[in-house]
Amino acid sequence: MGGESELPAGVIRVPGDVTDPAHRAALVEAALATGRLDLLVNNAGILGPSPQPPLADYPLATLRDVFEVNVVAPLALTQLALPALRKYDGAVVTVTSDAAVEAYAGWGGYGAAKAAAEQTSNVLAVEEPNLRVWWVDPGDLRTQMHAEAFPGEDISDRPLPETVTPAFLDLVTTRPASGRVRL
């Protein structure tokens, strides 16, 4: 990536690892330094092994890592952000996957983690009725993670991630009721 001068106005880059408590604190501090925090997007995620193994062979230490990145760290970040989000009637967007609701052979670890992330969002929506909480399945996109899920396969037929940006912007602008959203 280029230098700070290449960032759009108002964008602050805070590189790090969302599983690191110090990084999560730095993210919230950077947001609050702008004057307010009213939207949190939990988009960090890892796939796990590639190719995806069946659950019978899934390395449990790796499964713990998948849950840490896809479930625990986003919840920890949300907890840190909640006071500000409550103050501004904010919103939480958690990026998820159809693997959270559909059973795909070989996708058990990732799918289980995304299902847990969705249920965490679902419960948060009930516990924080003044916030908007959405868990969003953007569909199959042409990303590095998707390429890793299908090693050696051509995924150029999938849309680029930026094709769903208008739908995300519409979501946070129109602020529908909390719930699962499929883009």
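Arg86 and Glu128 form a salt bridge in which the closest N and O atoms are 2.6 Å apart; a salt bridge here is a side-chain nitrogen of Lys or Arg within 4 Å of a carboxyl oxygen of Asp or Glu. This pair ties together distant parts of the chain, with Arg86 in helix α2 and Glu128 in the loop between α3 and β3, 42 residues apart. Helices (H or I, at least four residues) and strands (E, at least two) are DSSP runs, numbered from the N terminus. The two partners differ in their cover: Arg86 is partly exposed at 43% relative accessibility, whereas Glu128 is buried at 14%. The terms are used as follows: buried is under 20% relative accessible area, exposed is over 50%, and partly exposed lies in between (1.4 Å probe, protein chains only).

The structure is a predicted model, in which local features need pLDDT of at least 70 and side-chain atom pairs count only at pLDDT 80 or more, while totals for chains, interfaces and linings use all residues. Residues are numbered from 1 along each chain as its sequence is written, and side-chain values use heavy atoms, with hydrogens and water left out.

The model holds six salt bridges. Besides the pair just described, Arg36 and Asp38 meet through their side chains, with an N to O distance of 3.0 Å. Arg36 is partly exposed, at 39% relative accessibility, and Asp38 is likewise partly exposed, at 32%. A further salt bridge joins Arg158 to the neighbouring entry in the numbering, Asp157, with the closest N and O atoms 3.1 Å apart. Here Arg158 counts as buried at 17% relative accessibility, while Asp157 counts as exposed at 62%. Salt bridges also link Glu118, Asp137, Arg180 and Arg182 into a network.

Strand β4 (residues 179-182) includes Gly179. Gly179 is buried, with a relative accessibility of 13%. Its C-alpha atom is separated by 9.3 Å from that of Glu118, although the two residues are 61 apart along the chain. A second pair offers another view of the fold: the C-alpha atoms of Ala116 and Asp57, 59 residues apart along the chain, are separated by 21 Å. Ala116 belongs to helix α3 and is partly exposed, with a relative accessible area of 22%.

Attention now turns to the interior. In soluble globular proteins, nonpolar side chains tend to be buried together. The largest nonpolar core of this model has 16 residues, and those with the most contacts inside it are Leu37, Leu40, Ala81, Leu85, Val92 and Val133. Two or more residues of this core come from each of α2, α3 (108-127) and β3 (132-137). Helix α2 gives the most, with six residues. Such a core is a set of buried Ala, Val, Leu, Ile, Met, Phe, Trp, Tyr and Cys residues joined through side-chain atoms within 4.5 Å.

On the surface, Asp17, Asp20, Asp65 and Glu68 form a negative patch. Patches are made of residues with over 30% relative accessible area and no salt bridge, like charges being joined within 9 Å and nonpolar side chains (Val, Leu, Ile, Met, Phe, Trp, Tyr) within 5 Å. Lys and Arg count as positive and Asp and Glu as negative, with His and the chain ends not counted. One member of the patch, Asp65, is found in helix α2 (residues 60-87). Asp65 is partly exposed, with a relative accessible area of 46%.

Several backbone features complete the description. Ser50 and Pro51 are joined by a cis peptide bond, with omega about 0°. Pro51 is found in the loop between β1 (39-42) and α2. Asp89, a residue other than glycine, has a positive phi near 50°. Its place is in the loop between α2 and β2 (91-95), where Asp89 is partly exposed with a relative accessible area of 43%. Arg175 is not a glycine either, and has a positive phi of about 50°. Arg175 lies in the loop between α5 (165-174) and β4, and counts as partly exposed at 29% relative accessibility.

How values were computed:
Areas by Shrake-Rupley, 256 points an atom, 1.4 Å probe, with all protein chains shown as cover. Charge placed at Lys NZ, Arg CZ, Asp CG, Glu CD.
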